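This briefing sets out selected features of the structure shown below. Topics are grouped by chain and element.

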Amino acid sequence: MMDLDPRHYEHVTINDGDIRNIVQSYLVHNCFNETAESFLACTGMKQPVDYLADMDKRKSIFRFALEGNALKAIELTEQLAPNLLEDNKDLHFDLLSLHFVNLICSRKCTEALEFAQTKLTPFGKVHKYVEKLEDFMALLAYEEPEKSPMFHLLSPDHRQNVADCLNRAILAHANLPCYSSMERLIQQATVVRQCLHQELGKDGPPPFSLKGFLKN
Amino acid sequence: MGGVEDDEPPSKRVKASTEDLRSPFDNSSRSVPISPLGGSMARPLLSQGKDDMIGSKGVIKKVEFVRIITKALYSLGYERSGAALEEESGICLHSSVVNLFRKQVLDGNWNESVLTLHKIGLSDESILKSASFLILERKFFELLEKDRVMDALKTLRSEITPLGIDKKRVHELSSCVVSPQQRLLLGFANLGIETSNSRLKLLEDLQKLFPPTVMIPERRLEHLVEQALSVQREACYLHNSLDNSLSLYTDHHCGKDQIPSCTVQVLQAHHDEVWFLQFSNNGKYLASSSNDRSVIIWEVHEDGELSLKHMLTGHQKPVLMVAWSPDDFQLLTSGMEEAVRRWDVRTGDCIHVYEKGGLGLISCGWFPDGRQIFSGATDKSTCLWDLDGKEVESWKGQRTTRTSDMAVTKDGRWIISICRETAILLVDREAKLEKLIEEDQTITSFSLSGDDNFLLLNLVNQEIHLWSIKDDPVCVTRYRGHKRSRFLIRSCFGGYKQAFIASGSEDSQVYIWHRGTGDLIKALPGHSGAVNCVSWNPADPHMLASASDDHTIRIWGLNRAHLKCKEAYSNGVADQCNGKGQ
């Protein structure tokens, strides 16, 4: 179902260079370094030299975080971007708690307890972490944490979230955009459509659906 | 009490008791049925039908009665007496299983106590779980105290969490493992010092979970006695004493000796008729106003004597009424169709004079916040001032010219005034509601009860009516007996919980009625002129003041001779002593 008459936008010209930038930004954001390299080669675009080296490191940090190997991710982050975690306490907490969750899931209770006491409880002095801390500590009470009310803390989705946050923080630290332009464009389209829909109601275009758009 | 011992051959009973009533601490676990009497021993007693009940009305179960007495003995610390009663009566306080359970809890044998818990025979799963939770939680904390953190964690994971109840608490316990501050927050620090006390507390908490037949509630006997005393006090018709202690030996019953009825002091300082008087809110002062244009502030001393503190002069006309500020530091006085004055009670100085150009003011009063005052004027209007004299509001019309009583409820919400000769208007300032009280006769004065829920009206036809004004106004009681034909006579609430009504009268007597029933209790002679106004000390139910045309004020109190006798029979039943009972 085409939601808007193509004749409305066919006369809008797009610069090919812009499109290439969009693609490249996506590849860089998600650390597809090999693809990014060959894309650069094919299109003849220019990039700063150490760009790709950093991307490599960022990629492995992201991977470790996604797997739940938070300690390794932290170590490498410290190397790549010192003080980043100090300036991002929320992120630091999230990463440390990933490790905690890892220990819980491997049923290493004593270690988990010790780790919590040394690394996590200091955060409890700040009010906003208290509730989060309580949620994580509650996991200790369950022999089968997957069946506890806090099971969402063990899920891959949660890990993905934390990994994404870390990725964005590292990019920001390097003064690079934290969001790929592709993401932003789609978000933009969605918001604009929403506004129009709200204002014009039935007469305006329907809310943006990426799936629907792609099907056509 | 039922005579079991008469019917049964003694030997049979003794044998039964030594066999079955073993030491409560015998750990040999023979499974015992639920009955608190420990099984086979129960039968000889229960089979005698009518011996189950004791007391003249036959509503008290003997077993229950003995058990709560036993419990009371133990609570008071009389261990041997308690044990002796259990043995002699053959009625166990607790079944042996329960005794075992109690001992295990007090000794801290947590795992065994949980097992015993399940043998008590409680059918309700949730009680079992809650009780287990409490015990295991206690075990958890004692382990943490001893720094056995992993053991505590293990208890939490394998014993407490699987109970599946109170998830919130489980999470709190989890936090306790990790951080000692949490333990403090939950009040579980320093367990070591008070272990035995806190285990007793645990037992009490457990007992609250169980049905009372299994474990008698703490202080049950005390509670029953307190209930009875409470009923007696409520039923005491003439109760007029602040003393809270009642004797258990006889039913509490006050006689008229608690009502102030003797003149204990005559205050002669005014030079003319005394028209109005009122005690301060805290009962430490009395203010009186007179036709001699003065107002006197009297101080009430600790021993009940009054002495003159200040004589306030300044009014050019007779003073109609006085009003104490809510904090008793200031006094308002209003002259007859003249001005209203505000005085400092401590120094006796006049701080402010309120006048309304061209009009005479005839009444005065305070708003409950103490920051605004109101006054009625001769043109039927009412003015509202702030303390500095700035007029805030004034409204007309809803008043009569002669009398100008006005009152404001303590929450500042309702303004009550006489709007017609025979009607009183209650206005809700916030909700803009109005209520009306209508009478057949002219209303001469009124007063508001301490709780703002009742209004006492004096009528021309020599009746005093009590109206409830909380919801729709309704007349609840009428009081008769006093005399009023020409003058303005005032009445008031007073005594313990304002259970009495007092009024002046033109026959020179002070009249006192029982508020609830309307019965006249006393008429007190003494004055030699019409009694215009009475005031009952809010802080002392035994002190009443009356103002009279004979220029004096009388202070009424208890008969001293009766009081001395009262100490011997500490229960208010002193009417029979000295032969002078009224």
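**Helix α7 of chain A**

On the other side of α7(A) from its buried residues, Glu114(A) and Thr118(A) are exposed, where exposed means over 50% relative accessible area, buried under 20% and partly exposed in between (1.4 Å probe, protein chains only). The model is predicted: local features need pLDDT of at least 70, side-chain atom pairs count only at pLDDT 80 or more, and totals for chains, interfaces and linings use all residues. Residues are numbered from 1 along each chain as its sequence is written, chains are lettered from A and ligands numbered from 1 in the order in which they are written, and side-chain values use heavy atoms, with hydrogens and water left out.

- The buried residues of α7(A), which spans residues 109–120, are Cys109(A), Ala112(A), Leu113(A), Phe115(A), Ala116(A) and Leu120(A); helices (H or I, at least four residues) and strands (E, at least two) are DSSP runs, numbered from the N terminus.
- These buried residues fall within an arc of 165 degrees when seen down the axis of α7(A), so they line one face of the helix; the arc is that of the directions from the helix axis to the C-beta atoms.
- The cover over the buried residues of α7(A) includes α4 (70–80), α6 (89–105) and α8 (127–138) of chain A. It also includes α9 (149–160) and α10 (167–178) of chain B.

**Chain A overall**

- Chain A has 11 helices and zero strands, and its pattern along the sequence is α-α-α-α-α-α-α-α-α-α-α.
- Of its 216 residues, 33% count as buried.
- Among the contacts in chain A with a separation of 6 or more, 54% come from residues 24 or more positions apart; contact means heavy atoms within 4.5 Å.

**Helix α2 of chain A**

- In α2(A), residues 33–43, the residues Asn33(A), Ala36(A) and Leu40(A) are buried.
- They cover an arc of only 60 degrees around the axis, which puts them on the same side of α2(A).
- An α-helix has 3.6 residues a turn, so residues three or four places apart point the same way.
- Glu34(A), Ala41(A) and Cys42(A) are exposed on the other side of α2(A).
- Gly44(A), just after α2(A), takes a positive phi of about 75 degrees.

**Packing of α1 and α10 in chain A**

- Two packed helices are described by the angle between their axes and the distance between the axes.
- The axes of α1(A) (residues 16–29) and α10(A) (residues 181–200) come within 7 Å and cross at roughly 110 degrees; axes are lines fitted to C-alpha atoms, for helices over the stretch in contact, and angles run from 0 to 180 degrees between N-to-C directions.
- That crossing makes α1(A) roughly perpendicular to α10(A), a class that covers angles of 65 to 115 degrees.
- On the α1(A) side the contact is made by Asn21(A), Ile22(A), Ser25(A) and Tyr26(A), and on the α10(A) side by Ser181(A), Met182(A) and Leu185(A).
- By class, this contact has four nonpolar, three polar and no charged residues; Ala, Val, Leu, Ile, Met, Phe, Trp, Tyr, Cys and Pro count as nonpolar, Asp, Glu, Lys and Arg as charged, and the others, Gly among them, as polar.

**Helical residues of chain B**

- Phe65(B) lies in helix α4 (residues 62–75) of chain B and counts as partly exposed at 26% relative accessibility.
- The C-alpha atoms of Phe65(B) and Ile54(B) are separated by 8.6 Å, with the two residues 11 apart along the chain.
- Ser113(B), in helix α7 (residues 110–119) of chain B, counts as buried at 0% relative accessibility.
- Not counting residues up to four places away in sequence, Ser113(B) touches Phe101(B), Gln104(B), Val105(B) and Ile135(B).

**Annotated repeats and loops of chain B**

- In an unreviewed entry, the UniProt annotation "repeat: WD" covers residues 267–308, 312–353 and 524–559 of chain B; UniProt positions are given in the numbering used here, feature names are shortened, and annotations may be inferred rather than shown by experiment.
- Residues 524–559 of chain B are 0% helix and 47% strand, with the end C-alpha atoms 13 Å apart.
- Pro541(B), in the loop between β28 (531–536) and β29 (544–548) of chain B, is buried with a relative accessible area of 5%.
- Leaving aside neighbours within four places in sequence, Pro541(B) is in contact with Asn240(B), Leu242(B), Pro260(B), Gly495(B), Tyr496(B) and Trp536(B).
- Pro541(B) and Ala499(B) are 42 residues apart in sequence and 9.9 Å apart in space, C-alpha to C-alpha.
- Lys497(B), in the loop between β24 (491–494) and β25 (500–503) of chain B, is exposed at 61% relative accessibility and has a positive phi near 55 degrees although not a glycine.
- Gln498(B) lies in the loop between β24 and β25 of chain B, is partly exposed at 24% relative accessibility, and has a positive phi of about 50 degrees without being a glycine.

Conventions: Parallel < 35°, antiparallel > 145°, perpendicular 65-115°, else oblique.
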